[in-house]
Amino acid sequence: GPCTECSCSSGKEIGKDASNTKKKENGDQSFIPKIFFGTRTHKQISQITRELKRTAYSSVPMTILSSRDYTCIHPVVSNSSSNRNEMCVELLEGKHGKSCLYYHGVHKVSEHHALQSAHGMCQAWDIEDLVSLGKKLRACAYFAARELMVGADIVFCPYNYLLDPQIRESMEINLKGQVVILDEAHNIEDCARESVSYGVTESQLRAAREELDFMVNNNIRQKDHEPLRAVCYSLT
């Protein structure tokens, strides 16, 4: 029969062409799943990355997803007691004529890690290491961690980044076909409950009730607003 051990076989060539076509259709790369490692707290991520550094897999490309509370290095935003997420978005949109200098330097971090990897110097790191590097390079650690997710084999993050659909969407996390590891998984039930729960104050309920009163009294989509108003009344 025809040779099947090398590319001289016509059958092998056809198979090779088909394989190349398939690879091209998939963006010239075969799919390699990422490992998403979820923990209960940010402190536990520090412990796990410290242990990872002691293994033979210390040089595996990785990243840590965390909130701006842990990774923002902008001097005004990071030292503010108000909502850092909103302040960050305002800077990125340039609402007050100001922009974030650190955001525009995000690529410096990924270039630094690529250079370390090329020289075989890449090692597992922690959030504090990334923040220190960000300050040194004047680059945003928050968005740098998200950018590093593209080439990472292991992604560390708190549970809610994997369980909460809104956070998953905002962080552009796609778990389809990926490997998910949940540390101390007996805590998942509480985390899942928190993800679909929402807290409101009495003043917020009263404000909502007043707005719904206005809608109903002015015949604006009464069928939709009357049941909502009834809920606000019953809760207050």
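This tour moves through the structure stop by stop, naming what to select and what is found there.

The model is predicted, so local features need pLDDT of at least 70 and side-chain atom pairs count only at pLDDT 80 or more, whereas totals for chains, interfaces and linings use all residues. Residues are numbered from 1 along each chain as its sequence is written, and side-chain values use heavy atoms, with hydrogens and water left out.

**Stop 1: the cavity**

Begin by selecting C72, H74, C88, C100 and C140. Of the 14 residues that line the largest cavity, these are the closest to its centre. A cavity here is a set of points, on a 1 Å grid over the protein atoms alone, where a 1.4 Å probe fits but cannot get out; lining residues have an atom within 4 Å of a point. The structure holds 1 cavity of 30 Å³ or more, and about 100 Å³ of space lies in the largest cavity. Such a volume is the space filled by probe spheres set on the grid points, which are joined across faces, edges and corners.

Next, add helices α5 (84-93) and α8 (141-148), each of which supplies at least two residues of this lining. Helix α5 gives the most, with 3 residues. Helices (H or I, at least four residues) and strands (E, at least two) are DSSP runs, numbered from the N terminus. Colouring the lining by class shows 12 nonpolar, 1 polar and 1 charged residues. In this scheme Ala, Val, Leu, Ile, Met, Phe, Trp, Tyr, Cys and Pro count as nonpolar, Asp, Glu, Lys and Arg as charged, and the others, Gly among them, as polar.

**Stop 2: the largest pocket**

Turn to the largest pocket, which holds about 260 Å³ of space. Select S67, R68, N85, Y142 and Y161, the closest to its centre of the 13 residues in its lining. The elements that give two or more residues to this lining are α3, α5, α8 and α10 (165-170). A pocket is an open set of points with protein on both sides within 12 Å along at least five of seven lines. By class, the pocket lining has 4 nonpolar, 5 polar and 4 charged residues.

**Stop 3: helix α8**

Keep α8 selected and display its surroundings. Of its 8 residues, 7 are buried, where buried means under 20% relative accessible area, exposed over 50% and partly exposed in between (1.4 Å probe, protein chains only). The buried residues are A141, Y142, F143, A144, A145, R146 and L148. Their cover includes β2 (62-64), α3, α5, α6 (106-118), α7 (127-137) and α10.

Within α8, centre the view on R146. Which side chain of opposite charge is nearest to R146? It is E172, 4.4 Å away, and the buried R146 has no salt bridge. For this purpose Lys and Arg count as positive and Asp and Glu as negative; His and the chain ends are not counted. A salt bridge requires a side-chain nitrogen of Lys or Arg within 4 Å of a carboxyl oxygen of Asp or Glu. Not counting residues up to four places away in sequence, R146 touches L65, S170, M171 and E172; contact means heavy atoms within 4.5 Å.

**Stop 4: salt bridges**

A search of the whole structure finds 8 salt bridges. Select R84 and D69, whose side chains meet at 3.5 Å, N to O. R84 lies in helix α5 and D69 in helix α3 (residues 68-71), so the pair ties together parts that are 15 residues apart in sequence. D69 is exposed, at 52% relative accessibility.

Move on to R193 and E189, a salt bridge with its closest N and O atoms 3.4 Å apart. The two residues are 4 apart in helix α11 (residues 188-195), a separation of about one helical turn. R193 is partly exposed at 45%, whereas E189 is exposed at 56%. Add D190 to the selection: E189, D190 and R193 are linked in a network of salt bridges.

Then select R54 and E51, which form a salt bridge at 3.3 Å, N to O. R54 is exposed, with a relative accessible area of 66%, and E51 is partly exposed, at 42%.

**Stop 5: L52**

Finish at L52, in helix α2 (residues 42-53). L52 is buried, at 11% relative accessibility. Showing its contacts brings up Y57, S58, M62, A124 and F156, with residues up to four places away in sequence not counted. L52 and Q123 are 71 residues apart in sequence and 9.0 Å apart in space, C-alpha to C-alpha.
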